[in-house]
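Please open the structure in your viewer and keep the sequence beside it, so that each selection can be followed in both. The tour goes from one selection to the next and says what is there.

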Amino acid sequence: MMRRIAPSLLIGLMGLAGLMGFLGLLISQPAAAEQLVVSLSNHRVAINSNFVGENLVLFGAIEPDAGKTIRRGAYDLVVTVTGPRETLRTRRKTRVLGIWVNTDSQEFVRVPSYLAILSNRPVNAIAGAEVLRRLQIGLDNFLLPQRIGADFGDTAPDDPFRQAFVHLQREHNFYSEAPTGVTYLTPAVFRAALSLPADVPTGNYAIDVKLFADGAVIASTNTALEVTKAGFEQYVANAARDDGLLYGLATALMALATGWIASAVFRRD
Amino acid sequence: MQIYLPIADLPVNIFLVLGMGLAVGFISGMFGIGGGFLMTPLLIFIGVSPAVAVASVSSHIAASSFSGALNYWRRDAIDVALALMLLAAGIIGTATGVWLFTMLRAVDQLDLMIGLSYVTLLTVVGALMIYEALRAIMRTYQGQPATIRRPGSHTWMHGLPFKLRFKRSKIYVSAIPVWGIGFTIGFVGAIMGIGGGFLLVPMLIYFLRVPTATVIGTSMVLTLVTMASATVMHAATNHLVDAVLALILMVGGVIGAQFGARTGQQMRGERLRLLLGILVFAVGLRFAYALVVTPDDLYSIRNVAAE
């Protein structure tokens, strides 16, 4: 750690440009002895008419600083994939006069529509609770703000609405936690398999990769992924959104044509 | 074979949806109803969001009712004057219904309202239809004429003023119940997202004494116009009509409706009404069951933006 700061200080003293560089170094990469390089198998997932979900592979390598060797078996990796944000309301039913009615609800404001957390071993074993909470590592530590009155607030992991929300999202494969999702090919090369369900939300996905050693983050990097509709699916979705009236008229005409054809084909008299 | 639906945002098995279209189309052709009260719950069951289901089903119903209406048109089994008057009242009913729909959504109890109105409406209407049809069948077995157009069977409705003669149906009734029925169908349809054919057919038969020959064709014309305009309105305002889903449904639907219409014409009126009554009643019970039984998961998630 000291070794990195000392030359930076030297440069900083040499001029304004150097000082800026020093500040930048302090903010972005606090004394990383290792670097992370990752590559995603596909940065653009196209939804076309035969889309049934997609599997992506993230490859990565841990590169030690010049002159250093890789520390065998000392690294832990956590990959966090977050999908486009949306506001979702979780509702709870209770029995009122013999029938089940939605009585309570909590709104989760701008939470990820998709959230996958992959690691090489359970996150609780990788770092201490305080570090995990601060870095939002793991489903229990991820910030899911709720609307409380006119305000927003995070909730405790044991909040019943939060638990139900995470449980439902996991059931739909929108949220997932894979404690063995990251595998090492060599001590310095790893891979993580991401699976996007068939009804995956469209939009931009952020992939954050953090490298841990001895319970602390020593390097991190990120990459991105875009899920879009393509071809015919895209055409139909755009038409429905941009030219609603025309699209509706076309659909209604299609209905009439279908009805007329059937009536003509099956005509017996 | 899986196909991805561009608006519903999920892949479905094309043959499953085609089969659903066929089955519901058969029933709709047979009874002269739209079948929305069957198709919408089926689509929700396979994972389509309720809003997209309601919006897309409307175009499916438009297709099968147009195909059916053409058949009845060739047989001169449509009372155009009656259909037009019902439609005019229906539009006013729809506007009122949409207004109430928005009000209920604001207080966040729309689900419950829809559930309760399905239960009440379907069980009551179903039970009444079963009762009436069974009585008609009993009368036949006792050797009495099965017709419900008995001389002297005038109800209080026939004493109302503003009488009109509908030549094709050979009825002479007051305009007040005609407008009332049209308004009710439009109103209920807007609130529950259904065409209302299963309500319209018995209402026309019992309140206006429309003969079986013209009741189904006339009902289909009404369903066609309301559902075609519902498709356009849903697409223009909510952007939730899935044309791919609708096309698969309507191809199945129109084929099913053709066979259904033939089966229906071969059956005796009271038997047909008994079957429809049982069907409507059963769906009503199913909705009641869903309200009463403890759900698997007390929690549910709804996308606030898409609501």
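What follows is a walk through a predicted model, with a stop at each chain and at the contact of the two.

**Chain A as a whole**

Begin by selecting chain A, whose secondary structure comes to seven helices and 14 strands. Of the 269 residues of this chain, 28% count as buried, and among its contacts with a separation of 6 or more, 65% are between residues 24 or more positions apart.

**The open sheet of chain A**

Next, select the strands β2, β14, β13, β4, β7 and β10 of chain A, which in that order form an open sheet of six strands with mixed pairing. Which strands lie at the edges of this sheet? They are β2 (44-47) and β10 (175-178) of chain A, each of which pairs on one side only. Going from one strand to the next, the twist averages 15 degrees.

Start at the β2 edge and move inward by colouring β2(A) and β14(A), which run parallel and are joined by four bridges; here I47(A) is found opposite K229(A) of β14(A). Then add β13 (residues 203-213) of chain A to β14 (residues 216-229), since this pair of strands is antiparallel and is joined by eleven bridges, with N204(A) standing opposite E226(A) in β14(A). Zoom in on the turn between them, where the hairpin of β13(A) and β14(A) has two residues between the strands and D214(A) takes a positive phi near 55 degrees.

Now bring in β4 (residues 75-82) of chain A, which pairs with β13(A) in the antiparallel sense over eight bridges. To see one of the paired positions, show T80(A), whose bridge partner in β13(A) is D208(A).

**Where the chains touch**

Turn both chains on and select the residues of the contact, to which chain A gives 48 residues and chain B gives 47 residues. On the side of chain A that touches chain B, at least two residues each come from β5 (85-96), β6 (99-112), α5 (160-171), α6 (231-242) and α7 (244-265) of chain A. Which element supplies the largest share of this side? It is α7(A), with 15 residues. If you colour this side of chain A by class, you will find 24 nonpolar, 13 polar and eleven charged residues.

Stay here and select β5(A) together with strand β5 (residues 299-303) of chain B, because a strand from each chain takes part in this pairing: the two run antiparallel and five bridges join them. Show the side chains of R91(A) and S300(B), as R91(A) stands opposite S300(B) in β5(B).

**Chain B and a pair of its helices**

Hide chain A and look at chain B by itself, which has ten helices and five strands. Of its 307 residues, 51% count as buried, and of the contacts in chain B between residues at least 6 apart in sequence, 79% join residues at least 24 apart.

For the last stop, select helix α1 (residues 14-31) and helix α9 (residues 243-266) of chain B. Two packed helices are described by the angle between their axes and the distance between the axes. For α1(B) and α9(B), the angle is about 35 degrees and the axes are 5 Å apart, while α1(B) passes α9(B) in a right-handed crossing. The contact of α1(B) with α9(B) has 21 nonpolar and twelve polar residues, and no charged residues.

Terms used. Residues numbered from 1 in each chain as written. Chains lettered and ligands numbered in written order. Predicted model: local features only at pLDDT ≥ 70, side-chain atom pairs only at ≥ 80, totals over all residues. Buried ≥ 20, exposed ≤ 12 C-beta atoms within 10 Å, placed from the backbone. Contact = placed C-beta atoms within 7 Å. Nonpolar A, V, L, I, M, F, W, Y, C, P; charged D, E, K, R; others polar. Pairing = 2+ DSSP bridges. Axes fitted to C-alpha atoms, helices over the stretch in contact; angles between N-to-C directions. Left-handed = near helix turned anticlockwise from the far one by under 90°.
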